Amino acid sequence: MKELLQSNRPLVMGILNTTPDSFSDGGNYVRKDIALRRIESMIQEEVDIIDVGGESTRPGAQAVSVNEELDRVIPMVEAVIACGKPVSVDTSKATVMMEAINAGACMINDVRALQDKGAIDAVASDPNVLLCLMHMKGQPRTMQQNPQYSDVVAEVKSFLKQRVEQCLEAGIATDRICLDPGFGFGKKLQHNCELMKHLDSFKELNMPLLVGVSRKTMIGSILDADVKDRTNGSVAAAMYALTKGVKILRVHDVKSTVEAVKLFCAFEQAK
């Protein structure tokens, strides 16, 4: 997976939510047979990484138990690995992290940036596992209740720097870390737009950036579009992010994004 991160092209991370209440595809992949077909289709669409999640983090989402999350996530981790693709696990629970790593996950994608008890030790335990540290203001149930910033770019950047420092103290090297500014996680539309405009300023942190804006409310607000009608806007936002130096695009619409990335790379590499 480290080799993939070091490639000279952007990567497409496909979302597989095994939850009944995710904002866009909640309930679509609860059944294992349907989830397996989704894995197969993403692979056919040339996804680079598949990100498996077993607990919704949409605004207002309710927490799930460790056992329930494990039951949702681990079979899908094993299924993705059996298909020969790298798998990331979207979780904040140390136990889920450890079980996912033991099952072969190559990346932990944590919206709480390893702040929960035992999380940082879980990731530090395996020197080959990558991680993504994301910024979130507040908690999923309350994060969109009037979030305030004096300078959203500076505050998000400062938070991520602090989390990286904690990782370094725990023995997690910077070549294992990706950073995510957390679009839509405790941020109003104006905050999301400011972050997008200034994504290139995060280059000073010298770690790959992961961006997930796929089908989010920010897209819907700008376009006045329902979730099902946000594919074009999501791809456009992803391409704008690439112009700012983003490495990984976390998306629902794999085929559309992969095709757009191919065009972007062809234009960028032309002599």
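**Helix packing and internal spaces in the predicted model**

By class, one nonpolar, three polar and four charged residues make up the lining of the second largest cavity. In this model, which is predicted, that second largest cavity has a volume of about 50 Å³, and the residues around the second largest cavity are E55, T57, E69, D90, T91, S92, V111 and R112. By the rule applied here, the count comes to two cavities of 30 Å³ or more.

For the largest cavity, the volume is about 60 Å³. The largest cavity is lined by 13 residues, and those closest to its centre are S214, S234, A238, R250 and V251. Two elements, α9 (231–243) and β8 (248–251), give two or more residues to the lining of the largest cavity. When the lining of the largest cavity is divided by class, six residues are nonpolar, five are polar and two are charged.

Among the open spaces, the second largest pocket has a volume of about 400 Å³. A total of 26 residues line the second largest pocket, and L5, S7, P208, G245 and K247 are the ones that lie nearest its centre. Both α1 (2–5) and α10 (254–269) supply at least two residues of this lining, with the largest share, four residues, coming from α10. The lining of the second largest pocket comprises twelve nonpolar, seven polar and seven charged residues.

Helix packing was examined next. Two packed helices are described by the angle between their axes and the distance between the axes. Helix α10, which contributes to the lining of the second largest pocket, packs with α9 at an angle of about 35°, the two axes being 10 Å apart. The crossing formed by α9 and α10 is right-handed. On the α9 side the contact involves T231, V235, M239, L242 and T243, and these meet S256, T257, A260, V261 and F264 in α10. By class, the residues of the contact of α9 with α10 are six nonpolar and four polar, with no charged residue.

A second packed pair is formed by helix α2 (residues 32–44) and α3, whose axes come within 10 Å and cross at roughly 35°. The crossing of α2 and α3 is likewise described as right-handed. In this contact, K32, A35, L36 and I39 of α2 meet P75, M76, A79 and V80 of α3. The residues that form the contact of α2 with α3 comprise seven nonpolar and one charged, with no polar residue.

Helix α3 (residues 66–82) also packs with helix α4 (residues 94–103), the axes of α3 and α4 coming within 10 Å and crossing at roughly 20°. Because angles under 35 degrees count as roughly parallel, α3 and α4 are therefore roughly parallel to each other. In passing α4, α3 makes a right-handed crossing. The contact is made by V66, E69, L70, I74, V77, E78 and I81 on the α3 side, and by T95, V96, E99, A100 and A103 on the α4 side. By class, eight residues of the contact of α3 with α4 are nonpolar, one is polar and three are charged. Among the residues of this contact, E69 of α3 also appears in the lining of the second largest cavity.

Note on methods. Residues numbered from 1 in each chain as written. Predicted model: local features only at pLDDT ≥ 70, side-chain atom pairs only at ≥ 80, totals over all residues. Heavy atoms only, no water. Axes fitted to C-alpha atoms, helices over the stretch in contact; angles between N-to-C directions. Parallel < 35°, antiparallel > 145°, perpendicular 65-115°, else oblique. Left-handed = near helix turned anticlockwise from the far one by under 90°. Contact = heavy atoms within 4.5 Å. Nonpolar A, V, L, I, M, F, W, Y, C, P; charged D, E, K, R; others polar. 1 Å grid on protein atoms, 1.4 Å probe; cavity = no way out; pocket = protein on both sides within 12 Å on 5 of 7 lines; lining within 4 Å. Points joined across faces, edges and corners; volume = space filled by probe spheres on them.
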